[in-house]
Structures are given as structure tokens and as C-alpha cells.
Amino acid sequence: MQKLRIAIQKSGRLSEKSLQLLNDCGISVSNGNRTLLASGKNFPVEILYLRDDDIPGYIEDGVADVGILGENVVLEKGNDLSVINRLNFARCRMSIAIPRNEEYNGVQYLQGKRIATSYPRILKNFLQQNNIEADIHEILGSVEIAPSIGLSGAIFDIVSTGSTLLSNGLKEVDIVLKSEAVLVSGNNLNAEKQAILDKLVFRINAVMKARTNRYVLLNAPNNSLDKIISIIPGMKSPTVVPLAEEGWSAVHSVIGEERFWDVIDELKEAGAQGLLVIPIEKMVN
Ligand code: ATP
Ligand code: ZN
């Protein structure tokens, strides 16, 4: 029986959440000594631990079948990969930053400048789209110090809080890309591996959906039920069961994360009491 080979980052910002995701999909993998290749228990997969930058190449060469990595790395290094799932972790943005005392008048500012980056390909596309000619200077690390040592007039890099920029006398002026972890695959899996991948994707969807939804239980007087039901439609429609106390019901439903607190406020206003919110483990439609 064939196994689907999944490449994940060996150690770094993606590692723990990648393993957690596989775990939540019912695939337990040892993360003990992180040998290069580990077998998944109770699901036909093998885990290959790599540097994130190496994952696209391994998949394109067919050594790995799928991988979990930052979209930024896919765009920079993945020529022949398909993004199958967005995974909603390792979020970051990639931005242009310039010396703090300079005035930024839009992308035109970059015309003729030298820009330091570890992501030349993404930067090149961005500049091309904006008809800007600039000198891209590729460096592998510590991009943010380039302007202060006179290497470049601007940088293009990952920004999380902006405090690294600040301490290097820079300011963020243009967001080029928003990235998150993604599941990618090569484009010619055989039928057997594709079937395993389909199963994995089904599980990932159930896990992702569960993570962004909450199960809600509440009590309400019967005369406010219509209003409450219109606020929380639930997966199909909410469950409504009578309470022992005459004239009252309990309502069970599912609320999405995006509008969670707004919905809670609306429910309270509509007369809901005794609200309980419970995490969901898996959600299968
Ligand atoms: P490796 O040793 O595997 O090459 P790395 O140092 O290149 O690791 P990490 O710093 O672990 O990579 O980041 C991995 C990915 O996490 C990035 O490519 C990016 O998609 C994402 N990420 C999220 N937030 C940040 C951040 N603040 N800084 C850098 N990367 C981030
Ligand atoms: Zn890396």
C-alpha cells in the first residue's frame, strides 16, 4: 500500500501548528527526535521534516507529495504547485519599508532605487505590475539592516509587529502580500495517493471549520424564539427544546468566529439567558 508523503517544516514558526493540524486530523506523528522521515500512525502517510525553503523543490521532484508551508515561500519558490487549502495560521505580511525620515509618495518612490530582499521573485512581480524599474538586491538574512549600512534605499521583507523595522530606523509603507500557511501538492499524484490526499483534505476541512465555529446553548422565553432563531440559523436550523419551566426553551446552535461577539450581543438583547459557548472538535457537513 502506498503512502502519501507530507513535507513539513523541521523547526520554525510552522512546525508546531503543522503537527497539531495533522494530529487534529487523527494522524499521530512522533515529533520526538525528528528523524528526516517518520511514519504516521493510523493513516497512510509519511512525514518528511525539511527546511521550509526546500519543500517546494522536494515536491516538484516528486520526493514529497504534498507540503505545509507559507504562501510567501510558495510564491517565491514554487513553480509547479497547487494550493489545496489555506490553513489560517502563520499569518504575516510582506511589505516595502523605507528610512523613517523619508517621504513616501507611492510606489513611484521606488523608481531607480536599490531594494534589498530575500524574496526577489515576489518583489520583481510587484515592481513589474507597477511599471517600476528598480535594482533588486538579494540577501539571505538581516534584510532590515541594509539601509542603515548603505546597501539599499528600501527593503522588502516579512513584517509582523513592525518593531524590528522601527529599531532599524525604517517604516512600513506598502503591503505587497498577505500570507498564511497553506497545504500544497504536486500536480501528478497517482490515483492511490490522490485518494489519500482527498481523505486528508476532507479531514482538514472538518478541523478548520470546527476551529472557526463555536457551539452555543442558551435559554430563552418562547415569545423571543423567532427573533433568536433569525440571529443564529445554525448548520441547518437551530435545535429548540422545551425547558421544564413553562414558557421557556433551550436553543442549541453554531456560531462562526468572525461575528461571534456581535452575535452574542444580539442574542442577549433578544432575551437570551444562560449562554454557554463550547468549542467544537470536528465539523462534517
Ligand atoms: P527554515 O529554517 O525552515 O528555513 P525560516 O527561518 O525560513 O525557517 P521561519 O522564521 O520559521 O522560517 O518562518 C516560516 C514561515 O512562517 C515564513 O515563511 C512565513 O510564512 C511565516 N511567518 C509568520 N510570521 C512570521 C514572522 N513574523 N516572521 C517570519 N515569518 C513569519
Ligand atoms: Zn526558511
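The legends below describe close-up views of the ligand sites in a predicted model.

**View 1. Protein donors of the zinc ion (ligand 2).** Asp52 and Asp53 supply the protein donors of the zinc ion (ligand 2), each through OD. These donors lie 2.0 to 2.1 Å from the zinc ion. The arrangement is irregular because the four donor atoms around the zinc ion (ligand 2) subtend angles of 74 to 172°, whereas four donors count as tetrahedral if all angles lie between 85 and 135 degrees.

**View 2. Accessibility of Asp52 and Asp53.** Aspartate 52 has a relative accessibility of 17% and therefore counts as buried, the cut-off being under 20%. Aspartate 53, with a relative accessible area of 25%, is partly exposed.

**View 3. Polar contacts of ligand 1.** An N or O atom in the side chain of aspartate 52 is 2.9 Å from an oxygen atom of ligand 1. For aspartate 53, a polar side-chain atom lies 2.7 Å from an oxygen atom of ligand 1. Arginine 13 contributes a backbone N or O atom, 2.8 Å from an oxygen atom of the ligand. On its own, ligand 1 has 630 Å² of accessible area, of which the protein covers 77%.

**View 4. Surroundings of ligand 1.** Ligand 1 has 15 residues around it, of which Gln9, Arg13, Arg51, Asp53 and Asn72 come nearest. The space that ligand 1 takes is the largest pocket.

Terms used
Residues numbered from 1 in each chain as written. Chains lettered and ligands numbered in written order. Predicted model: local features only at pLDDT ≥ 70, side-chain atom pairs only at ≥ 80, totals over all residues. Heavy atoms only, no water. Donors = N, O, S within 2.8 Å, 3.2 Å for Na, K, Ca; no water. Tetrahedral: all angles 85-135°; square planar, octahedral: opposite > 155°, others 65-115°. Buried < 20%, exposed > 50% of the residue type's maximum accessible area, 1.4 Å probe, protein only. Near = heavy atom within 4 Å. Polar contact = N/O pair within 3.5 Å; in protein donor to acceptor, adjacent residues only side chain to side chain. Areas by Shrake-Rupley, 256 points an atom, 1.4 Å probe, with all protein chains shown as cover. 1 Å grid on protein atoms, 1.4 Å probe; cavity = no way out; pocket = protein on both sides within 12 Å on 5 of 7 lines; lining within 4 Å. Sits in = over half its atoms within 2 Å of the grid points.
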